[in-house]
Amino acid sequence: MLEGCTPWPAETAERYRRTGVWRGIDLGTLPRAWAKEYGSATALVAGEERISYAELADRVERRAAGFVRQGVGPGDRIVLQLPNVPEFVEVAFALFRAGAKPVFSLTSHRAQEIRHLCELSEASGYVGPGVFRGFDHTALARQLAAELPALGKLFVLDDGEGGDGVVPLSRIDADPLPLPANDPSDVAFFLLSGGTTALPKLIPRTHDDYAYQTRTVARLVGLSTETVYLAALPVEFNFTWGCPGVVGTLSSGGTVVLAPDPTADDCFRLIERERVTLTSVVPTVARLWLEEREWSDADLSSLALLQIGGARLEPELAARITPELGCRLQQVFGMAEGLLTMSRPDDDIHSVLHTQGRPVSDADEVRIVDERGEPVPPGGTGELLTRGPYTLRGYYRAPEHNARAFTEDGFYRTGDLARVTPEGRLVIEGRIKDVVIRGGDKIAAGEVEAHLQTVPGVAAAAVVPVPDEYLGERIYAFLVHRGGPDGQPSLAVLKAALQQRGLADFKLPDRVEYVPDLPLTPLGKIDKKVLSAVAADPTRPRDWECSGPERPSHTALPTPTR
Ligand code: AMP
């Protein structure tokens with residue numbers, strides 16, 4: 001296994017293999033296997049382009065050979081930052097095939113995040129979209145390549161962008177080569193953690209564990225060759241990529257339709273045109289779809305199931321899905337680290353609306369513990385710990401963090417607060433990790449605080465979530481002013497300063513309030529409970545600055561009207 005990763009204990013791995021949980025599948029070989037089975041059926045639809053399974057396998061083999069010719073090889077880490085285009089799927093599988101390990105990045109990431117991912121993974125290459133939504137990713141990649149000696153290979157989607165050390169993806173194309181197989185227990189790719197610490201961590205996902213996850217969820221959701229899955233959210237989200245998402249649908253011989261954006265406009269049109277049967281969204285997107293549904297006469301009758309997850313789904317919103325969109329609802333709780341829980345097709349309506357269902361695998365182990373790590377009485381609320389065949393055993397190159405994030409016997413501390421109903425269903429009650437979940441995006445409070453504290457005039461910063469009707473939560477920053485001649489930096493000044501530092505837009509504070517001091521707990525830590533209560537109190541005079549309603553980062557959603 002790649003150095004810096006934590007394998008499952010040998011006897012656990014042996015048990016997973018012996019019991020057929022892990023079947024020794026190399027993700028890089030899947031497109032060829034699918035092509036044998038589903039040949040001329042449509043694998044991918046993007047705009048007017050329709051790609052058959054045979055064509056997809058061919059492109060993957062040719063691109064894999066093309067990457068190898070460019071010097072990309074086994075063990076190389078390659079940061080992959082592409083939107084919902086066929087090239088994402090082709091490049092990801094081609095890199096698997098070549099033994100390289102893509103690091104899935106969000107298109108909303110900017111200099112701070114991309115530099116961190118490149119440094120942490122010691123990436124030797126970067127695949128980017130060129131200019132996307134007004135941002136020049138190639139210029140950024142060039143700048144990083146000049147700073148980071150390891151980052152030698154830059155590939156770009158945009159055809160016009162070649163030259164000067166940057167290779168257009170259209171040129172990553174060569175006659176297929178006989179390439180060595182991957183060790184299925186090795187890392188296939190890296191997902192990003194939602195983050196509890198200042199800097200995001202990398203989640204190694206192995207061939208074995210991801211093949212198991214996608215197969216298990218595909219079966220649970222009942223995928224078949226008739227499935228038409230709409231990738232409405234970004235494909236690099238674990239939810240879209242493999243819950244069962246893109247990989248699960250392709251494994252089942254269905255069709256994946258890539259939506260450029262999760263707007264109701266785009267997605268309703270695609271659902272109607274492609275007769276989509278399944279899609280997955282975050283609650284913020286579901287709410288906007290419901291609003292749009294009032295005005296839209298699109299034919300959504302093909303849609304059988306809508307998965308909603310990634311953030312808390314209010315029961316009131318959940319209750320509107322079937323009556324207003326005409327499809328079944330599946331609640332999904334999960335994390336890029338592994339564990340997934342889902343409601344089941346035969347669950348009673350009350351459970352579907354009010355719980356996050358059961359773990360998807362019988363091999364998932366779940367514990368609910370109190371602050372001392374002791375199991376709570378049955379039905380009690382506590383921190384959710386988990387381990388299992390597709391839940392990581394350690395973040396990449398993070399030994400100190402791993403010592404805190406895992407118990408000695410390998411359970412991952414999720415930072416989520418949960419209880420288990422007598423029927424074994426999970427209810428997520430909140431979280432203890434210091435994270436804001438804004439429109440489904442996860443933002444580590446510590447990361448934003450660290451950047452805010454660099455702005456002249458700011459002596460201290462504490463970031464907490466504040467409830468929001470549309471985004472679920474927003475980012476509320478309490479600041480202590482350092483004094484001095486320039487006065488308190490306004491919200492606009494702070495946002496501009498953070499953007500200037502290269503922080504992704506979705507991490508910028510929505511609201512800011514200056515306080516004389518930050519409240520402390522008896523142990524001398526910032527008391528975020530007090531600050532959260534202050535932020536959430538609707539009766540408080542609203543003397544803070546507010547940036548106004550905004551769309552979630554991964555969409556071009558219209559600004560909701562209030
Ligand atoms: P990510 O790895 O980015 O998908 O983030 C995982 C985290 O999102 C979980 O640990 C939870 O904090 C949160 N989350 C995911 N799904 C749900 C859900 N259905 N309800 C509440 N929180 C959720």
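This report describes a predicted model of a protein with a ligand, covering the ligand site, the two domains and two backbone features.

## The ligand site

The shell around the ligand is made up of 15 residues. Those closest to the ligand are V332, A336, D416, K433 and K442. Sorted by class, the shell holds seven nonpolar residues, five charged residues and three polar residues.

Which element gives the largest share of this shell? Strand 16, which runs over residues 328–335, supplies four residues, and no other element has a larger share.

## Polar contacts with the ligand

Two of the contacts described here involve the protein backbone. A polar backbone atom of V332 lies 2.8 Å from a nitrogen atom of the ligand. V332 is also listed among the residues closest to the ligand. At A311, a backbone N or O atom is 3.4 Å from a ligand nitrogen atom.

A side chain takes part as well: an N or O atom in the side chain of K442 is 3.3 Å from an oxygen atom of the ligand. K442, like V332, is listed among the closest residues of the shell. The ligand taken alone exposes 490 Å², and the protein buries 87% of that area.

## The two domains

The domain assignment divides out two parts of the protein: domain 1 covers residues 26–183, and domain 2 covers residues 435–550. Their C-alpha centres are 36 Å apart. The contact between them involves seven residues of domain 1 and eight residues of domain 2.

The size of an interface is often expressed as the accessible area that is lost when the parts come together. For domain 1 and domain 2, the buried area is about 530 Å². Carbon and sulfur atoms give 50% of this area.

## Two backbone features

Most peptide bonds are trans, and most residues other than glycine have a negative phi. Two places in this model depart from these patterns, one in each respect.

Where is the cis peptide bond? The bond leads from C243 to P244, and its omega is near 5°. P244 sits in the loop between helix 8 (238–242) and helix 9 (245–251).

The other place is R133, a residue other than glycine whose phi is positive, near 45°. R133 also belongs to a loop, the one between strand 6 (131–132) and strand 7 (135–136).

Notes
Residues are numbered from 1 along each chain as its sequence is written. This is a predicted model: local features need pLDDT of at least 70, side-chain atom pairs count only at pLDDT 80 or more; totals for chains, interfaces and linings use all residues. Side-chain values use heavy atoms; hydrogens and water are left out. A residue is near a molecule or strand if one of its heavy atoms lies within 4 Å of it. A polar contact is a pair of N or O atoms within 3.5 Å; within protein, one must be able to donate a hydrogen and the other to accept it, and residues adjacent in sequence count only if both atoms are side-chain atoms. Accessible areas come from the Shrake-Rupley method with a 1.4 Å probe; for residues, only the protein chains shown count as cover. Helices (H or I, at least four residues) and strands (E, at least two) are DSSP runs, numbered from the N terminus. Ala, Val, Leu, Ile, Met, Phe, Trp, Tyr, Cys and Pro count as nonpolar, Asp, Glu, Lys and Arg as charged, and the others, Gly among them, as polar. Domain bounds come from an automatic or database domain assignment. Contact means heavy atoms within 4.5 Å. Buried area is the accessible area (1.4 Å probe) that two parts lose on being put together, summed over both.
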